[in-house]
4 protein chains.
Amino acid sequence: MGSFRGHAIPGTFFITMGIWWTIKCTLKYACKKHKRTSYLGSKALFHRIEIVEGIVIICMALFGMLAEQFVDEGPHLALYNYKEGQWVQLLSWHHSTMYFFFGLVGVVNALRLIISSFPISLNKLLLSNALFVEAFILYNHTHGREMLDIYVHQLLFLVVFVTGLIAFLEFLLRNNVTVELLRTSFILLQGSWFWQISFILYPPSGGPGWDSVDHDNIMFLSLCFCWHYALSLIIVGVIYAFVTCFEPISSGHLCMCQYVGL
Amino acid sequence: MGSFRGHAIPGTFFITMGIWWTIKCTLKYACKKHKRTSYLGSKALFHRIEIVEGIVIICMALFGMLAEQFVDEGPHLALYNYKEGQWVQLLSWHHSTMYFFFGLVGVVNALRLIISSFPISLNKLLLSNALFVEAFILYNHTHGREMLDIYVHQLLFLVVFVTGLIAFLEFLLRNNVTVELLRTSFILLQGSWFWQISFILYPPSGGPGWDSVDHDNIMFLSLCFCWHYALSLIIVGVIYAFVTCFEPISSGHLCMCQYVGL
Amino acid sequence: MGSFRGHAIPGTFFITMGIWWTIKCTLKYACKKHKRTSYLGSKALFHRIEIVEGIVIICMALFGMLAEQFVDEGPHLALYNYKEGQWVQLLSWHHSTMYFFFGLVGVVNALRLIISSFPISLNKLLLSNALFVEAFILYNHTHGREMLDIYVHQLLFLVVFVTGLIAFLEFLLRNNVTVELLRTSFILLQGSWFWQISFILYPPSGGPGWDSVDHDNIMFLSLCFCWHYALSLIIVGVIYAFVTCFEPISSGHLCMCQYVGL
Amino acid sequence: MGSFRGHAIPGTFFITMGIWWTIKCTLKYACKKHKRTSYLGSKALFHRIEIVEGIVIICMALFGMLAEQFVDEGPHLALYNYKEGQWVQLLSWHHSTMYFFFGLVGVVNALRLIISSFPISLNKLLLSNALFVEAFILYNHTHGREMLDIYVHQLLFLVVFVTGLIAFLEFLLRNNVTVELLRTSFILLQGSWFWQISFILYPPSGGPGWDSVDHDNIMFLSLCFCWHYALSLIIVGVIYAFVTCFEPISSGHLCMCQYVGL
């Protein structure tokens, strides 16, 4: 994955999920608040949406794992090269493992609404698990690299770890819309930071990367990280405002969807 | 901001806010406890106060950002000097970013009482966010400085981080007056520590700064930090005692204010 | 304990307990959910089971302590060798101490159902205590060893510490089946990681251990750790599915057990 | 305080408080459980006990502060020696500051039952505060000392910090007897560890201290620390058992006390 594309793909994935989760959770909150009467109906709709969401996540995770394994320079499922006596492409295996845990989230998301005896909030717990595993792998991911490279991955580790904590808190609190929006803003931040990393380490212009031992670059990046966060907060705020404003219309649409059986 | 004034201004800001929040939250608590009858009336008053508070915070944050950018040695909104190939005044940009996040708190404080569909406690969450961002920036703020300088900023980091944790706890618990007072005491501590920093690093007498490699100075400062905390606890206690004693009078005043429509 | 057997025995112990706790807590949850009528009856049964469990844990802990002390190269209860002026086999004493704290869990588990005035959840608290003590000792266990050895013990420390946190959370929340299953999955992980350690440091094939200064080995082990975790999550999931499916049958069996007075 | 006595005095203080708090909180719990009828009466008694307790804590803290300042080698309230240009006895000032914060706990303990408008649980919060301040000072207390000295103080820091966390948890949870007993067991551990430190660093036999660079000593001390903890857990358990067994008798005594107006 040591390439522009390799960081841009998960970035796109997290930005998409972040925006989608923000919309979904704002809608859910708005529905709950205003239309208690038809709430049960839209609940059934939300269930169907979550099953679809689960399947989409599974597909994304499978795609990620297969891409990591079977691109040209990938390990092709080989773990140890006995001839040369060394591990094969451990970084790709790291990425595959991360994708696998996100795949588990998708599986539980899809199953828990089909099978009734599932403990509630299990999907939140598994999401938090997947994030912690991602943070753990990122922490052990940058042995022997250069300062700038390590620093941008440390920031990534920070955001993933905090997102894991927030998801765990969500699991404990249940139905706290503010915490959910906080999580989606961190998911957005993670996505946009992935993009930032790909631009820093593998400039698409083909030019040389940044000077990796300049302290000023480090100080600028910590600043840049805050701006990404401010941006993701503002995006979440704007989505929230839009959905809340157009909720009467969208809820009408929802009801319509319901009637036509989507 | 590397000057006496640069540290004294945020110090004054935090001390003012700390004292004001202590008074407000004690008053709120006393009103809730004693005069349940006229509570709704004073609630409307508190709402108006909070909108004003929000606007004041926005103004302070804007003033801070503009001052950081447009003082003589400031970056004047330039981020990168292409001619010399280096970043322009990153420390000033750091400070501007901190002010920006506090500005967000002000915006939410003002908006949440105008717009009804805001999730509750969002302002607490954003305050905690602003403090965590401040802590994050402070942590990355002292690359390549001297031991004493680093140490006083580490203590600042500690107090800001803990304040962020307490504000987050407040967001989770809601309406726990003890936790609120704990937060205000930490805000006061932060303000007075900013003043202490400006006296240590930029002595206004014009004399030389402290010996920055003496271990005894470090040990004294950790002591000094505790005394600042003791002082801020005592100030909060005294304000609490005053407000609680004069509450019958002040609440009468409040009611009067209400009637004249302030 | 610096041997294959020394790491495999606690590994087996934790895997057994992990599987048993998963079955027990799933059964408890299923009973609570479906058969409220006969719940009191099965509660009495569960009490008897927990007393047996406590006695089993005590026996295991005693066996561990005695084995550590009285194997050939053990300290035989001697702590300080005055002749040579040095401590005797401190590592064995470390292990004995860990076993002792798990023994305390067993004692409380057995007592709390016999004596009625016990505070509830005390056994959860002591389990969390035993895990934290284990983590503390593991943290101070690897002075002066090689990198690989330290790393596998650090991972063990990580899993034990996190399990302690989860057990403490369980103590605070009470009766949250998801958190209980999370804990059992971490107990399983701990057990299987003990086995992994014994295979890495003392290969039973008699061949040489792994290259202990190769960074790639470290990166592979962090990966391997995640796979162990994935495996233990899947095992817990499968047990949960089995027990929930066969619950009508097993609960019938339980009732039968009750009638015959087991 | 760098002496046997200097560590033994706070050790005795914490052991006394630990045992007393264990007895008090077990009694309170037993009273609440069994004699709901006369509960109000004993509540008044408990209030009076807590005021006395507060006064005792204030006296102890005052005694500690004065002793630190006015022993022969103490600073006698001088902070900076302008003649020699150096700080005077900063370690003694450290200790005085710790005592001061415990004094605050005593003040609040005494006041909160006299003045009715006190927020509840404030004393728990201040206890936790005092412990955190103690931990903070201990953390900055051992610049430039030897390994063994640093290690025993690090362990002390660990136990004080954890006690602070538990006291804060108690503040949040309120009336959870298990958490209270956990705290008292840690207070006991702190006391006995103070004694251990004084025996290690200033052997009363007058002989030389321990070899301060031997890794085996470090490993033994981490073990020893666990045994202290086991001991304090057992002491708390025994006290709990005694008080619960003799509760009918002691509660009769309590009632008697009440009638004679103690």
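## Symmetry of the copies

Chain A can be laid on chain B with an RMSD of 0.0 Å. The operation is a turn of 90° with a shift of 0.0 Å along the axis. This is a predicted model, and every value here is computed from it.

Chain B can likewise be laid on chain D, with an RMSD of 0.0 Å. That step takes a turn of 90° and a shift of 0.0 Å along the axis. Chains B and D are thus related as by a four-fold rotation axis.

## The interface of chain A and chain B

How many residues does each chain bring to this contact? Chain A gives 30 residues and chain B gives 29. The size of an interface is often given as the accessible area lost when the parts come together. Between chain A and chain B, about 2400 Å² is buried. Carbon and sulfur atoms give 77% of that area. In chain A, the residues that lose the most area to chain B are Thr178(A), Met219(A) and Leu223(A). Together they make up 24% of what that side buries.

Charge pairing is absent across this interface: the rule finds zero salt bridges between chain A and chain B. Polar contact is present, with five residue pairs, both partners at pLDDT 80 or more. On the side of chain A that touches chain B, four elements give two or more residues: α1 (4-34), α5 (147-173), α6 (177-201) and α7 (215-245) of chain A. The largest share comes from α7(A), with 17 residues. By class, this side of chain A has 22 nonpolar, six polar and two charged residues.

## The interface of chain B and chain D

Here 30 residues of chain B are in contact with 29 residues of chain D. The buried area is about 2400 Å². Carbon and sulfur atoms account for 77% of it. Which three residues of chain B supply more of its buried area against chain D than any other three? They are Thr178(B), Met219(B) and Leu223(B), with 24%.

Zero salt bridges are found across the interface of chain B and chain D. Five residue pairs are in polar contact, both at pLDDT 80 or more. The side of chain B that touches chain D takes two or more residues from each of α1 (4-34), α5 (147-173), α6 (177-201) and α7 (215-245) of chain B. Helix α7(B) gives the most, 17 residues. The classes on this side of chain B are 22 nonpolar, six polar and two charged residues.

## Aromatic pairs

Over all chains, a search of the whole structure finds 88 aromatic pairs. One of them joins Trp193(B) and Phe225(B). Their ring centres lie 5.1 Å apart and their planes stand at 85°, so the pair is edge-to-face. Planes over 60 degrees apart count as edge-to-face.

Trp193(B) sits in helix α6 of chain B and Phe225(B) in helix α7 of chain B. The pair therefore ties together parts that are 32 residues apart in sequence.

## Salt bridges

The count over all chains comes to 28 salt bridges. In chain B, the side chains of Lys28(B) and Glu50(B) meet in one, at 3.2 Å from N to O.

What does this pair link? The bridge connects distant parts of the chain. Lys28(B) belongs to helix α1 of chain B, and Glu50(B) to helix α2 (residues 39-70) of chain B. The two residues are 22 residues apart.

Key. Residues numbered from 1 in each chain as written. Chains lettered and ligands numbered in written order. Predicted model: local features only at pLDDT ≥ 70, side-chain atom pairs only at ≥ 80, totals over all residues. Heavy atoms only, no water. Least-squares fit on C-alpha atoms with pLDDT ≥ 70 in both. Contact = heavy atoms within 4.5 Å. Buried area = accessible area lost by both parts, 1.4 Å probe. Salt bridge = Lys/Arg side-chain N within 4 Å of Asp/Glu carboxyl O. Polar contact = N/O pair within 3.5 Å; in protein donor to acceptor, adjacent residues only side chain to side chain. Nonpolar A, V, L, I, M, F, W, Y, C, P; charged D, E, K, R; others polar. Phe/Tyr/Trp six-rings, centres within 6.5 Å; stacked < 30°, edge-to-face > 60°.
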